[in-house]
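Trainee: Please choose one single part of this model and take me through it closely, with enough about the rest for me to place it.

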Amino acid sequence: MDKNASINDLVADAEALLSRLGELKSPEIQALRDKVEAGIADAKKNLSRQVQWGADRFQEMTESVVEYVQENPWVAVAAGTAIAVALIYVAFAGRKQQD
């Protein structure tokens, strides 16, 4: 299970717990509810920021790769060819020669 799914599950469980505690009206429970609700809101905001940062970073990396390939197409072709040859070698290196 990835980190985002775990955080989403934790938030869902905390929200479910808060809804069940909603029937209790003591000041201590209400203070605890307020604190947990604030924590959930902060967690959601931080998760959203992290996801956005990751998307922005991926976009920057993609743009820089595209720019590099446009400026150096033959280097990109050579690198792609080298990678393909290496993968073919790895794929067929373990095979026995048939006589």
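**A close look at helix α2**

Mentor: The protein chain has three helices and zero strands (DSSP runs, H or I over at least four residues for helices and E over at least two for strands, numbered from the N terminus), and from the N terminus on these elements follow one another as α-α-α. This is a predicted model, in which local features need pLDDT of at least 70, side-chain atom pairs count only at pLDDT 80 or more, and totals for chains, interfaces and linings use all residues. Residues are numbered from 1 along each chain as its sequence is written, and side-chain values use heavy atoms, with hydrogens and water left out.

Before we turn to the chosen helix, consider the confidence. The average pLDDT of the protein chain (the predictor's confidence in each residue, from 0 to 100) is 82, and 91% of the residues score at least 70. Helix α1 (residues 3-21) has the lowest confidence in the protein chain, with a mean of 75, whereas helix α3 (residues 73-93) has the highest, at 91.

Now to helix α2 itself, which spans residues 27-71. With its 45 residues, α2 reaches 66 Å from its first C-alpha to its last, close to the 66 Å expected at 1.5 Å a residue (the expected span being 1.5 Å times one less than the number of residues). Another way to follow the distance is to take Glu67, which is placed in helix α2, and Gln30: these two are 37 residues apart along the chain, and their C-alpha atoms are separated by 55 Å.

The overall form of the chain can be read alongside this. The radius of gyration of the protein chain is 26 Å, while a compact globule of 99 residues would have one near 13 Å (taken over C-alpha atoms, with the globule rule being 2.2 Å times the number of residues to the power 0.38). Along the principal axes, the C-alpha atoms fill a box of roughly 80 × 45 × 15 Å.

Burial is the next thing to examine. Buried residues (under 20% relative accessible area, with exposed over 50% and partly exposed in between, using a 1.4 Å probe and protein chains only) make up 7% of the 99 residues, and in α2 Arg33, Ile40 and Leu47 are buried. Glu67, by contrast, counts as partly exposed because its relative accessible area is 44%.

Helix α2 also holds the one salt bridge of the structure (a side-chain nitrogen of Lys or Arg within 4 Å of a carboxyl oxygen of Asp or Glu). Glu60 forms this bridge with Arg57, and their closest N and O atoms are 3.5 Å apart. The two partners lie three residues apart in α2, about one turn of the helix. Glu60 is partly exposed, because its relative accessibility is 46%, and Arg57 is also partly exposed, at 38%.

Finally, look for a nonpolar patch on the surface, formed by Val65, Tyr68, Val69 and Val75, which together have about 340 Å² of accessible area. Patches are made of residues with over 30% relative accessible area and no salt bridge, like charges being joined within 9 Å and nonpolar side chains (Val, Leu, Ile, Met, Phe, Trp, Tyr) within 5 Å, and the areas come from the Shrake-Rupley method with a 1.4 Å probe, where for residues only the protein chains shown count as cover. The largest share of this patch, three residues, comes from α2. Val69 is found in that helix and counts as partly exposed, because its relative accessibility is 35%.
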